[in-house]
Amino acid sequence: MAAFLGQGASLTWNSGAVGQILSMDGPNVERAMIDTTNLATTQTVDTNTVRYRTFAAGYADGGEFSMELQFDHDDTGQGAMWDDFESGTSRSVTVSFSDGDNYTFTGFIRSMSFSQAIDEVNRANVTIKVTGGVDHNSG
């Protein structure tokens, strides 16, 4: 697969575009691991009997998705995210990449923080908690 740039990537929240995105990270999915080791667990490695722990895969967790924005109180997507944070509403999310691939999932706004600094644009950091699975669609 050829490398491609992040420019052109986008995010929709409840089918509405979120503007002024500076960076995105995630979703960071993970799976629980269940220790299945018992006192009799052994394995043969290179003709030697050794004791290694054994594991089984548990439930998957859709993880979290985070992004940094140039805060814009007039951006309808950013405003909708704030409203949904206050109400605790889960929404559909689509993250689209410049190569045409996308990830879709349902999530709620876990946190929003805002920062201001000298000679900097106002910024917002948003974390979305994924609830359920993450679908990948090739472009």
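Patches, as the word is used in these legends, are made of residues with over 30% relative accessible area and no salt bridge, nonpolar side chains being joined within 5 Å. The views below all show a predicted model.

**View A. A nonpolar patch on the surface of the predicted model.** Phe 71, Trp 82, Phe 85 and Phe 114 make up this patch, and together they have about 340 Å² of accessible area. One of these residues, Phe 71, is found in the loop between β8 and α1 (76–87). Phe 71 has a relative accessible area of 34% and is therefore partly exposed.

**View B. The largest nonpolar core.** This core has 16 residues, and those with the most contacts inside it are Leu 11, Trp 13, Met 67, Val 126 and Ile 128. Two or more residues are given to the core by each of β1 (10–13), β8 (64–70), β9 (91–96), β10 (102–115) and β11 (123–130), and β11, with four residues, gives the most. In soluble globular proteins, nonpolar side chains tend to be buried together.

**View C. The surroundings of Met 67.** When its neighbours within four places in sequence are left aside, Met 67 is in contact with Leu 11, Ile 21, Ser 23, Met 24 and Met 81, and also with Ala 124, Asn 125, Val 126 and Ile 128.

**View D. The salt bridge between Arg 53 and Asp 35.** The closest N and O atoms of this pair are 2.3 Å apart. Arg 53 lies in the loop between β6 (48–50) and β7 (55–61), whereas Asp 35 belongs to strand β4 (residues 30–35), so the salt bridge ties together parts that are 18 residues apart in sequence. Arg 53 counts as exposed, with 57% relative accessibility, while Asp 35, at 34%, counts as partly exposed.

**View E. The salt bridge between Glu 64 and Arg 110.** The side chains of Glu 64 and Arg 110 meet at 3.0 Å, N to O, and the pair links distant parts of the chain, Glu 64 being in strand β8 and Arg 110 in strand β10, 46 residues apart. Glu 64 has a relative accessible area of 25% and is partly exposed.

**View F. The salt bridge between Arg 91 and Asp 84, with a separate view of a salt-bridge network.** Arg 91 and Asp 84 meet through their side chains at 2.9 Å, N to O. Arg 91 counts as partly exposed at 25% relative accessibility, whereas Asp 84 is buried, with a relative accessible area of 7%. Elsewhere, Glu 68, Glu 120 and Arg 123 are joined into one network by salt bridges that share partners. A search of the whole structure finds six salt bridges.

Key
Residues numbered from 1 in each chain as written. Predicted model: local features only at pLDDT ≥ 70, side-chain atom pairs only at ≥ 80, totals over all residues. Heavy atoms only, no water. Core = buried A, V, L, I, M, F, W, Y, C linked by side-chain atoms within 4.5 Å. Buried < 20%, exposed > 50% of the residue type's maximum accessible area, 1.4 Å probe, protein only. Contact = heavy atoms within 4.5 Å. Patch = residues over 30% accessible without salt bridge, like charges linked within 9 Å, V, L, I, M, F, W, Y side chains within 5 Å. Areas by Shrake-Rupley, 256 points an atom, 1.4 Å probe, with all protein chains shown as cover. Salt bridge = Lys/Arg side-chain N within 4 Å of Asp/Glu carboxyl O.
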